[in-house]
Each structure stands twice: as structure tokens, then as C-alpha cells.
Amino acid sequence: MKNHQIDQKNHNQKTDVTAPWQAPIDHKAMQRVEQRVIKQLLQALLYENIIEFDYENAASSDDDTLLDFTIKTANHIHYQAQGYIHYSFDIIRFNDHNVQCVIDGKSHDATLENVINDILLKIEDATLKDSFIKELRHTLINETQAQRLSPHLSVPNMPAAIDRLTYEQLESYLMAGHPYHPCFKSRIGFDLQDNYDYGPEFDQNIEVVWLAVKKDLLVSNTAANIDVDEWIKDYVDMDKFAALHDKLNHILTTTSEQSENEAIVANANTDVKANAYGLIPAHPWQWQKTLILALQPLIKTQDVIYLGSTGNQYRAQQSIRSLSMLQEDKAYLKLSMHLMNTSSTRILGKHTVMNAAIVTKWLNQLVAEDATAHALSIAFLGETVGVSLDHEVLQQRGYQHPHIYGGLGAIWRENVSQYLSSNQTAFPLNGVSYVNMDGSILIDPWIKKYGIEAWTAQLIKVTVAPILHILFGHGVALECHAQNIVLVHEAGFPIKVLLKDLHDGVRYSPKHLARQDLIPNFHSLPAVHAALNRGSFIETEDTDGIRDMTVACLFFVAFADIAIFMQTHYHYPETEFWQQVSDCVTEYQSCHPEHEARFELFDVFAPQTRIESLAKRRLFGDQVFPIKYINNPLAKSRAHASC
């Protein structure tokens, strides 16, 4: 604990000197952010049929697709917004005009507090609305801070960023957050200093802390039977690994001498050796805010020993708890955090950590001898090493702290550089629809170079076919939304995709797998985790649900946003975009008639598909898992093509 106290003192001194988050509020930025929060909230409430609304063609516009939306809340109060019901899954998106609150015929720009009081608080049976409101307010403040203090606001020649930034830099550059979820930057658990220190938008260096934990309290798994200690030694650097062990030996020796000479601990074990411990990293925020309290009895008995930092510097990726080491080609590190963001607590359950390497090994086995997979350049950013505190052993010993479960775990993911040739560059897929802070379009140089139709067609080709082949060719759905897909390009032209973050992002029916001989033995989902998240499972007999996972993640989340973006900024019709997607699916199916049975089983052309109602779940919980049936643009596109 002494070492931590020194580190914490230095942290506080740094805070007192800099205090950058105390910068004056930019009121225009706050209003802009507030309108975004309001719009995403109302769009979700309307789309998920949580509140009633009316709409009609906007009388003041020549655009016959522009709509006026009206939400009535009381006899003398209603809300108005302008926008569209899009071809893409009938998604509702408001335009740039501010949402108006109209009271007795007089309108003014709506505020978040207006919407909370007039709409959210009046939703009946929404038992979780208080915590939802808290997330909305935190999102407003956190995003306002980002709009004021992100270093990306002052980057010169902003439109050229796409040519200058590495994949790792882009992970912090893309600071917009979730385009649908209204709590897109809630980060419950962070104060504003934490947000500045650890939020990806602020480009702050982060030093993870290392803990030595008795090996009988740790579990680990690797994709290639790697010795975890040796792997960590290579990961942190041999000299830094030795320094950690020297520090551990010193602490153990000092404690043993004190125990014998001063009888501080009655039965102290003076023969404990450093090789009885394994190393595991923790996010510094998680250590300070959660683990010190949760692990206090284990720290006292030296089952857990704080060793501090190796000096390696990291930067946060978009997911916050995934970190890039500032050293080329090192694996990315995903850590457990008791942080709630977009309504989910970012812990890592033991089963998740243990399954990461199993999923990686399994998916690589599926494509290893698959000629089609090789032709499609299917590749995964493998999660090759995982280490976790074993909460089950602690529970058997009578230790029941609520933050032990999922509170200390780490997963290492392969670096993108392993899958790039010398002329290729990696790019997060959600960057395709990114608007720079100066209003320019991030990918505009690529669109101008190759043309909107050709570039979009190539993007669709290299993304859709690989993911559908895993579904049709092997019977496995992947949770490939925009943040889980890495686009590889050559001078801006899409070449292939890399799929990532799959440790709990696969779904299949065992009897419908193509390779019955490779069915993995996954670590089962514990009841406590299932109670927290009913949507967290791998095996199912619901084949429509397997199809829906692919369609919801790839098409509804990732592609719908891109389709709407292309229409909004380049006037490229959504109908054309979805026709290209439909043609890509049809071409794959025509070339691979051997999978015809799965084309019908996992019918991506079905008139409707299901999505999770994110706002409804956040308001009402998931005692009855909230889903919504939505119209499928692929079905409309195929019907149009056959006419």
C-alpha cells in the first residue's frame, strides 16, 4: 500500500497544478452537445415506440421526404423536430434544426431538463429512469468537456488527418461516440478529472499498474499454449519484467523480516517466493476506485501485492478500457473497469477472459482450410492471452465482495500491423461516417479520388462477403458492428477487413455448424452474469436470432449509419446503397450454392429482423428482453430488383 500512496500523492499533485478540466464553459458547444443528446434520446424513444408521436410532411420545404415530428406531452406543451424516416430500417433521424419546446404556442430551443421533466419522468412503469437520466446528464457534461478540451480541436490542416494518423491515433481521433444510443458518453464512475485523464479524446498517456497475485487465485488461457509468464515478460520488456520481480522479492523479503522480528502477523509465511505469484495488469482508475477496496483483505494477507507501473505508456482506444501501448506492434490490452458507459458496466467476467483465446483458436481453425475464406482474406485480430482473478475460488473461501466478479481481468488482442503489408493502412470502420470538428468529411479525399459509387461498392464488397461467409459457410454469427471492424485500405481504396472484439461476440447453434468436429468447449456463462445481461450468450437454437445478430450488427448498426451518411453528405441515395448490399449478398449466394440450406436457415432477406431496444431496456430493464421487429431494407431492395 505504501507504493500506491506515493503514486496517488503524485497524481493529486499533478491534478492541483494542471486542473485542465476547469476551463471556462463554451456555451455554444454546450448547446450543440445538448441538442445532440436530446435528438438521440427522442429518436430512440420514437423509434422504439416508447412514446407517442405524430409526423407529417414539412410544409416549409420543397423536400417531400422531410417530416415535421410532433410529441405531445400536455395540453399546452409539445415538442417539434424536423427530420426523416429513412429507407434504412425506417430509422428516424432529425436534421440540423434544434428541437423546439412549444408552450402555449410559443417555441424555444428545448433543453435536456425540459425533455426530462416533460417526457422522461412521465413514462409509466419505467423503473430505471432515474439512472437513465443520470447517464444523460453525464453524457452532456462529458461531451461538452471533450468539445472544449480535446487536442483534436486545434490540429492544423484537419481535413488531411486521414493521411497523417495511424490506426492507433485514429482510435482517439474518432471522438463522436455511438450514433444511436442517447447515453453515448455517460462514463458513470468518472469525475471530470478522470474523464480528462482516461478518455480517448484527450490523448493522455496512461500507465497501467501491475499486481502480483497468488497463482492459486488466478486463471489464464492462451490461443497457442503459451507460457503466460514468458509472454508477459516479452510484452513489457525483459528488463522491466525483471524490475517487477525484483520489487516483488523486495516486498516479500521486507515483510518476512518484519513479521519475524516484530511479530506483526501471527503465522506469517516467511518462505513465500516470488514464483508463487503471477502478474496481471489493471487500469489505474480501476485500481484506485474499485480494487483497493475490493481486494483489501487480500492485500493485507499479501495474496495480492501492488507493484506499480513498468513505465510503459498507453493511450485509450474508443472503448476506453482497450489500450494501445506507445510502442510499435505491441498487442492491445483490454482491461476490466467498473465503469458504466452506454448503459453497460465494462467488467470482464472470468468466463469471458477464458473464452477469448478459445474463440480466437476456433475461428482461425474454421478458416484455416477454407479456400473461400482465404480468397476473401478473412482475418481476425486474435485475442491470444487472457488472465483473470478467480472469483469462484474466493467465493469458496467465503469472500463475497460485490466487485470481485469481473473486477480484475485482462485480454491481449493482436496488433493490426500483423495483418498489413507495407502499402496497407488500417482504419476503424466507424470513421467512414466521421465529420471532422471543422465540418469537413474525414474520408472526403478518398471519395474524390475514387468516386462515391465505386468506393462504396468496394467497401461493401470487402465487408459483407467475409462476414456472410462465416454465417453461411460455417453457421456462426459475429457481433461485427462498426467499432468491431477494421478497414484495411491502400491509398484510401478498401482492400479487406479485420474482425475484432469477439470474445463474447459469437453466436451459433451446435447442430447447424458446418464443422461438427471443431465445436469448442466454452467456459459456461455463470448465473450472476446471465442475470445482469440476458443477451450475453453464445449457444442458441434460435436460428432467426443467429441471423438477427449478423443483420443487426453489420447492417442496422454499421451500414445504416454509413448509408444515411452517404445520402446526407454526398446525395448518394440510400436505395442505391442497399441495392449494392443486396447485389453483394446475391452474388455470394450464386457463387456458393453448396450453402443453400443455410441461405434459407439464416435468411438475411427476411422482410423483418429483430434488434435490441437499447433505450427501452435502459428504462424498463430486461425481465422481458426488449426487442423490436424492424423492416429489412435488403428485402425491399431484392423485391425492387426483381420487378
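Select R321 to begin: apart from neighbours within four places in sequence, this residue is in contact with L333, K334, L335, S336, M337, R346, I347 and L348. The model on display is a predicted one. R321 belongs to the loop between β11 (314–316) and β12 (322–325). Although R321 is buried, it has no salt bridge. Add D501 to the selection, since D501 carries the nearest side chain of opposite charge, 6.5 Å away.

**Stop 1: the strands β3, β5 and β6**

Next, select residues 77–85, which form strand β3, together with residues 100–103, which form strand β5. The two strands pair in the antiparallel sense over four bridges. To see one of the facing positions, display H78 and V102, the latter in β5; the two stand opposite each other.

Then add residues 106–109, strand β6, which pairs with β5 in the antiparallel sense, again over four bridges. Here Q100 has D109 of β6 as its bridge partner. Strands β5 and β6 form a hairpin, with two residues between them. Centre the view on D104 in the turn, where phi is positive, at about 50 degrees. As general background, strands of a sheet pair through backbone hydrogen bonds, either parallel or antiparallel.

**Stop 2: an open sheet and the helix across it**

Select strands β7, β9 and β10. In what order do these three strands form an open sheet? The order is β9-β7-β10, and the pairing is antiparallel. Strands β9 (277–282) and β10 (304–308) are the edges, each pairing on one side only. On average, and with direction ignored, neighbouring strands of this sheet are turned by 30 degrees against each other.

Now restrict the view to β7 and β9, which run antiparallel and are joined by six bridges. K214 and Y277 of β9 stand opposite each other and may be displayed as a pair.

Bring back the whole sheet and add residues 284–294, helix α10. This helix lies across β7, β9 and β10, and runs at about 55 degrees to β7. Helix α10 is mostly covered, as eight of its eleven residues are buried. The buried residues are P284, W285, Q286, W287, T290, L291, I292 and A294.

**Stop 3: salt bridges between separate parts of the chain**

Across the whole structure, a search finds 25 salt bridges. Three are visited here.

Select D561 and R93, whose closest N and O atoms are 3.1 Å apart in a salt bridge. D561 lies in helix α18 (residues 543–570) and R93 in strand β4 (residues 92–94), so this salt bridge ties together parts that are 468 residues apart in sequence. D561 and R93 are both buried.

Move next to D216 and R397, which form a salt bridge with closest N and O atoms 3.0 Å apart. D216 is in the loop between β7 (209–214) and β8 (218–222), while R397 is in the loop between α14 (391–396) and β18 (409–413). The pair therefore offers a link between distant parts of the chain, 181 residues apart. D216 is partly exposed, with a relative accessible area of 45%.The third pair is R610 and D548, a salt bridge with closest N and O atoms 2.6 Å apart. Because R610 lies in strand β24 (residues 608–612) and D548 in helix α18, the pair ties together parts that are 62 residues apart in sequence. R610 and D548 are buried. Extend the selection to D542, D544 and R547: salt bridges that share partners join D542, D544, R547, D548 and R610 into one network.

**Stop 4: cysteines**

Turn now to the cysteine residues. How many disulfides are there? The count comes to zero. Select C591, which is in no disulfide; the nearest cysteine sulfur, that of C584, is 10.0 Å away. Is C591 buried or exposed? C591 counts as exposed, at 52% relative accessibility. For a contrasting setting, select C183, which is buried with a relative accessible area of 0%.

**Stop 5: R617 and L128**

Finally, select R617, found in helix α21 (residues 614–620). R617 is buried, with a relative accessible area of 18%. Add L128 to complete the tour: the C-alpha atoms of R617 and L128 are separated by 9.0 Å, while the two residues are 489 residues apart along the chain.

Conventions. Residues are numbered from 1 along each chain as its sequence is written. This is a predicted model: local features need pLDDT of at least 70, side-chain atom pairs count only at pLDDT 80 or more; totals for chains, interfaces and linings use all residues. Side-chain values use heavy atoms; hydrogens and water are left out. Two strands pair if DSSP finds at least two bridges between them. Buried means under 20% relative accessible area, exposed over 50%, partly exposed in between (1.4 Å probe, protein chains only). Lys and Arg count as positive and Asp and Glu as negative; His and the chain ends are not counted. A salt bridge is a side-chain nitrogen of Lys or Arg within 4 Å of a carboxyl oxygen of Asp or Glu. Contact means heavy atoms within 4.5 Å. A disulfide is a pair of cysteine sulfur atoms within 2.5 Å. Axes are lines fitted to C-alpha atoms, for helices over the stretch in contact, and angles run from 0 to 180 degrees between N-to-C directions.
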